[in-house]
Amino acid sequence: MNKSFIFIFFLIAGVSCSQPESEADIDAIYQSLAEQKHLFYNVEYSICNSSGAAIDNLYGMVALNRNSDSGISSAYFGLDRNQQPHYLHSMFLNHQWIYNLQSPRYGLEDADLITDSLHSPVLLNPDVLLQIEQDSVKVSKQKIDDKFIKWTFELRNKPDQLILVWNEDQERISEIEYQYAVKSPNTYSRKWAFDYMAKSDFTILEKGFKQQNQSAHQPFL
């Protein structure tokens with residue numbers, strides 16, 4: 001497994017007591033995310049250097065179904081946008097992940113890191129967004145255009161920040177970027193870019209990726 005994939009950030013849980021305007025907006029985003037039970041999307045995951053250039057990429061096509069305390073995901077992924085020969089079937093149940101990984105390159109020891117790279121912690125668990133807000137010393141909002149809004153969270157106890165781009169039309173996350181040591185010349189970031197699709201489109205595209213991985217969709221039991 002590429003060492004670039006081992007960086008997972010840990011967040012401090014908390015619930016805010018006050019309700020300024022920015023927090024009300026974040027709560028609205030959280031409610032929208034929490035109500036999204038079925039998601040189908042392409043994702044481009046990148047590790048970026050201090051100049052913002054991608055030095056590592058992982059591409060995936062994902063079906064994510066989640067509830068408040070459980071979830072299941074099917075993902076085809078690879079290092080090339082058009083070649084995704086690896087398959088990861090994930091189930092979250094009783095506070096733990098169960099994996100079925102079909103891959104000539106990766107092993108089950110990589111499954112946690114692959115799951116994080118294909119989904120992002122925020123998309124897997126919208127509660128993380130509230131945790132980030134609580135642990136931020138400053139939250140700023142910038143309207144990019146009529147469609148997109150960029151939220152920047154500057155963390156209180158570390159020199160990092162999280163950037164979330166929200167698509168108001170779709171009411172979904174378009175991009176997430178977590179930047180480490182923002183003011184350091186050695187800063188780097190992890191970035192997720194999501195492109196959502198209908199279930200019918202996912203089903204059609206899935207046929208091609210199944211041919212790349214003949215063992216995909218083997219059941220757990």
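## The β8–β9 hairpin

In this predicted model, strands β8 and β9 form a hairpin with 4 residues between them. Glu-171, which lies in the turn, has a positive phi of about 55°.

Strand β9 covers residues 172–180, and 7 bridges join β8 to β9. The two strands run antiparallel. One pairing sets Leu-162 against Tyr-178, its bridge partner in β9.

## The β7 side

Strand β8 is also joined to β7, which spans residues 148–155. Here too the strands run antiparallel, with 7 bridges between β7 and β8. A hairpin of 5 residues connects β7 to β8. Across this pairing, Glu-154 stands opposite Gln-161 in β8.

## Burial of β8

Strand β8 comprises residues 161–167, and 7 of its 7 residues are buried, so the strand is largely enclosed by the rest of the structure.

The side chains divide between two directions. Gln-161, Ile-163, Val-165 and Asn-167 point one way from β8, while Leu-162, Leu-164 and Trp-166 point the other way. The residues pointing in both directions are buried.

## His-86 in β4

His-86 belongs to strand β4, which runs over residues 86–93. His-86 has 6% relative accessibility, and because buried means under 20%, His-86 counts as buried.

The side chains of His-86 and Ser-103 are joined by a polar contact of 2.7 Å. Leaving aside residues up to four places away in sequence, His-86 touches Ala-75, Tyr-76, Phe-77 and Gly-78, along with Gln-102, Ser-103, Pro-104, Arg-105, Tyr-106 and Asn-213.

Methods
Residues are numbered from 1 along each chain as its sequence is written. This is a predicted model: local features need pLDDT of at least 70, side-chain atom pairs count only at pLDDT 80 or more; totals for chains, interfaces and linings use all residues. Side-chain values use heavy atoms; hydrogens and water are left out. Buried means under 20% relative accessible area, exposed over 50%, partly exposed in between (1.4 Å probe, protein chains only). Two strands pair if DSSP finds at least two bridges between them. A polar contact is a pair of N or O atoms within 3.5 Å; within protein, one must be able to donate a hydrogen and the other to accept it, and residues adjacent in sequence count only if both atoms are side-chain atoms. Contact means heavy atoms within 4.5 Å.
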